[in-house]
Amino acid sequence: MGFLEEIKRRRTFGIISHPDAGKTTLTEKLLLFGGAIQEAGAVKSNKIKKSATSDFMEIERQRGISVATSVLAFVYKNKKINILDTPGHKDFAEDTFRTLTAVDSVIVVIDVAKGVEEQTEKLVEVCRMRKIPIIVFINKLDREGKDAFDLMDEVEQKLGLQVTPLSLPIGMGYDFKGIYNIWEKNIQLFQDENKQTIGRKQYFDRLDDPGLEAAIGTQRLKTLKEELELIAGVYPAFDRQAYLKGNLQPVLFGSALNNFGVQELLNCFIEIAPEPLPKDADDRRIEPTDKKFSGFVFKIHANMDPNHRDRLAFVKIVSGTFERNTPYHHVRLNKKLKFSSPNAFFAEKKQIVDVSYPGDIVGLHDTGNFKIGDTLTAGDEIQFKGIPSFSPEHFRYINNNDPMKAKQLSKGIDQLMDEGVAQLFTLHMNGRKIIGTVGALQFEVIQYRLLHEYGAQCSYENLNVHKACWVEARNDSEDFIEFKRIKQKFLAHDKSGKLVFLADSAFSLQMAQDKYKAITFHYTSEF
Ligand code: G4P
């Protein structure tokens with residue numbers, strides 16, 4: 001197969017949802033239908049249960065699982081499908097945001113009974129801002145839930161999407177009979193009462209098939225016809241270009257647990273979902289078909305074995321081919337690096353591969369060269385954009401508890417920050433170090449990992465910070481000089497040396513914004 005065909009057959013996407021909506025179950029069923037696994041239960045959930053806040057064994061176990069499930073790849077109908085795993089736990093939301101920089105599209109899973117939940121809103125907002133094509137899968141139709149039309153309204157209103165249904169449920173909960181597939185124009189009904197068997201389904205390709213009326217009853221058939229008329233009148237017809245541009249979102253219904261609507265989702269997905277997309281570097285757009293290799297690091301995973309401090313850096317290939325044992329240019333370090341054992345991912349196994357193509361993810365063994373956002377190329381001096389840091393939600397001073405281990409602590413903090421576990425800010429006034437995280441759980445993870453992997457002991461001290469804002473201003477502007485003088489106590493720099501204002505309250509941030517008009521305050525590090 002040639003280079004262009006290899007690119008064309010790749011589909012790289014992420015599944016996002018509020019915890020418990022069924023992301024893990026759906027992932028597993030996609031692998032099952034893709035023939036990548038033989039039985040359900042093979043993919044472990046990487047959910048961090050709420051009760052596990054202080055259970056470090058659990059965190060370590062999860063880290064192991066999440067390496068295994070970081071990328072799940074399989075081939076279905078000659079398409080190479082790469083599913084990128086996104087943690088559902090809100091404390092790891094930043095991990096998910098970063099993974100979204102490496103996907104070409106997403107599937108959003110929504111629980112039919114719970115509707116649109118908080119975490120879904122946040123994640124979809126990021127996808128919308130980036131214009132990522134979205135398919136919505138409404139799950140758990142085997143349970144009583146909200147009416148399909150009410151739910152589509154809710155999706156439109158809360159998520160700001162423009163939807164068009166590509167399937168419609170027939171009945172719901174105990175009465176769930178099957179799916180009308182608008183995309184393929186056929187009807188699929190459960191044949192077995194227990195609704196669990198793959199393959200044993202009844203198919204109809206016409207609404208006026210007498211067998212259909214016999215199977216679902218006259219009244220239900222009438223309702224179905226009315227609903228289809230309503231859809232034709234109310235929702236825009238599916239338009240692939242609009243979907244690819246992020247302006248139209250198809251909705252499908254099903255039950256991942258019962259294998260219902262999953263294969264239909266997969267069939268529809270491989271037809272409509274985008275091939276690997278171009279990505280913006282500083283001053284130009286890099287096309288996947290560009291022959292010269294380029295890629296970027298979107299995730300770094302520390303090894304499970306504390307004695308070997310090597311890590312796995314996950315690189316999304318943007319253009320060209322990535323080849324084993326070939327020297328590539330690490331742009332930030334201006335250094336040539338060669339990889340003898342790049343890992344590719346197949347279902348839940350890792351394998352060493354010789355060649356990978358745009359859309360693929362390779363896992364590179366790293367001894368501390370990479371940090372999130374790094375660009376790797378065949379020689380070009382480019383830096384990919386769009387992997388910003390967001391303002392953390394929680395801030396604490398970090399103190400060294402063992403003066404003999406200052407070096408270890410500093411190295412440990414550096415490496416954990418490169419992995420993107422949290423962000424480090426250094427106060428201008430006194431050089432004190434502040435850790436900022438998205439969730440409270442990370443503080444415990446950091447403390448535990450510093451001790452177990454670096455032999456360093458730290459403690460935290462509370463600090464009142466509302467938001468970290470990256471400051472943009474002309475050096476010689478009067479506002480900026482005045483701001484630096486007055487707000488000295490609240491100024492810090494991040495790991496890359498950028499100036500950050502640690503506002504202690506929403507009010508003081510507002511005051512600063514009103515007073516210093518020549519300064520722009522950004523909530524992300526990339527502007
Ligand atoms: P997540 O990754 O999005 O957090 O969700 P996950 O797939 O783990 O699913 C959460 C729970 O919802 C699981 O039940 C799962 O079995 C159930 N579930 C998923 N899809 C469906 C569906 O289509 N119908 C129904 N009725 N349930 C579904 P659990 O009891 O929390 O876990 P488990 O003990 O079954 O693993």
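**Figure 1. The hairpin of β25 and β26 in this predicted model has 5 residues between its strands.** Within that hairpin, look for Gly 431, which takes a positive phi near 75°. Strand β25 (residues 423–427) and strand β26 (residues 433–437) pair in the antiparallel sense over 4 bridges. To find your place along the pair, start at Thr 426, which stands opposite Lys 433 in β26.

**Figure 2. Strand β25 is covered on both faces.** On one side sit Gln 423, Phe 425 and Leu 427, on the other Leu 424 and Thr 426, and all of them are buried. With 5 of its 5 residues buried, β25 is largely enclosed by the rest of the structure. β25 also pairs with strand β29 (residues 491–493), again in the antiparallel sense, through 2 bridges. Here Thr 426 is a handy landmark once more, standing opposite His 493 in β29.

**Figure 3. Helix α14 (residues 506–515) has Ser 508, Leu 509 and Ala 512 as its buried residues.** These residues cover an arc of only 105° around the axis, which puts them on the same side of α14. What lies over them? The cover includes three strands, β28 (467–472), β30 (499–503) and β31 (520–522).

**Figure 4. Four strands make an open sheet in the order β7-β8-β9-β10.** The pairing in this sheet is antiparallel. β7 (167–170) and β10 (201–204) stand at the edges with a single partner strand each, so one side of each has no neighbour in the sheet. From one strand to the next, the twist averages 20°. In the middle of the order, strand β8 (residues 178–181) pairs with strand β9 (residues 186–190) over 4 bridges. One residue to pick out is Ile 179, which stands opposite Gln 188 in β9.

**Figure 5. Helix α8 (residues 218–234) lies across β7 and β8.** The helix runs at about 155° to β7. Its 17 residues should span 24 Å at 1.5 Å a residue, and the end C-alpha atoms of α8 are indeed 24 Å apart, which agrees. Which residues of α8 are buried? They are Leu 221, Leu 224, Leu 228 and Ile 231. These four cover an arc of only 80° around the axis, which puts them on the same side of α8. A general rule helps in reading such a pattern: an α-helix has 3.6 residues a turn, so residues three or four places apart point the same way. The cover over the buried residues of α8 includes α6 (148–159), β6 (163–165), β7, β8 and α7 (210–216). Turn to the face away from the buried side and you will find the exposed residues Thr 218, Gln 219, Glu 229, Gly 233 and Val 234.

**Figure 6. An open sheet of 7 strands has the order β2-β3-β1-β4-β5-β11-β6.** Its pairing is mixed. The edge strands, β2 (71–76) and β6, pair on one side only. The twist averages 25° from one strand to the next. Strand β4 (residues 105–111) and strand β5 (residues 134–139) run parallel and are joined by 6 bridges. Ile 107 has Ile 135 in β5 as its bridge partner. Two helices to look for on this sheet are α2 and α5. α2 touches β1 (10–17), β2, β3 (79–84), β4 and β5, and its direction makes about 155° with that of β1. Helix α5 (residues 118–129) touches β1, β4 and β5, at about 145° to the direction of β1.

**Figure 7. Helix α2 (residues 23–33) crosses helix α10 (residues 262–272) at roughly 75°.** The two axes come within 10 Å. The crossing makes α2 roughly perpendicular to α10. Where the helices meet, α2 brings Leu 26, Lys 29, Leu 30 and Phe 33, while α10 brings Val 262, Gln 263, Leu 265 and Leu 266.

**Figure 8. Thr 164 sits in strand β6.** Is this residue buried or exposed? At 3% relative accessibility, Thr 164 counts as buried. Setting aside residues up to four places away in sequence, Thr 164 touches Tyr 235, Pro 236, Ala 237 and Phe 238, together with Leu 248, Gln 249, Pro 250 and Val 251.

Notes
Residues numbered from 1 in each chain as written. Predicted model: local features only at pLDDT ≥ 70, side-chain atom pairs only at ≥ 80, totals over all residues. Heavy atoms only, no water. Pairing = 2+ DSSP bridges. Axes fitted to C-alpha atoms, helices over the stretch in contact; angles between N-to-C directions. Contact = heavy atoms within 4.5 Å. Expected span 1.5 Å × (residues − 1). Buried < 20%, exposed > 50% of the residue type's maximum accessible area, 1.4 Å probe, protein only. Arc of directions from axis to C-beta. Parallel < 35°, antiparallel > 145°, perpendicular 65-115°, else oblique.
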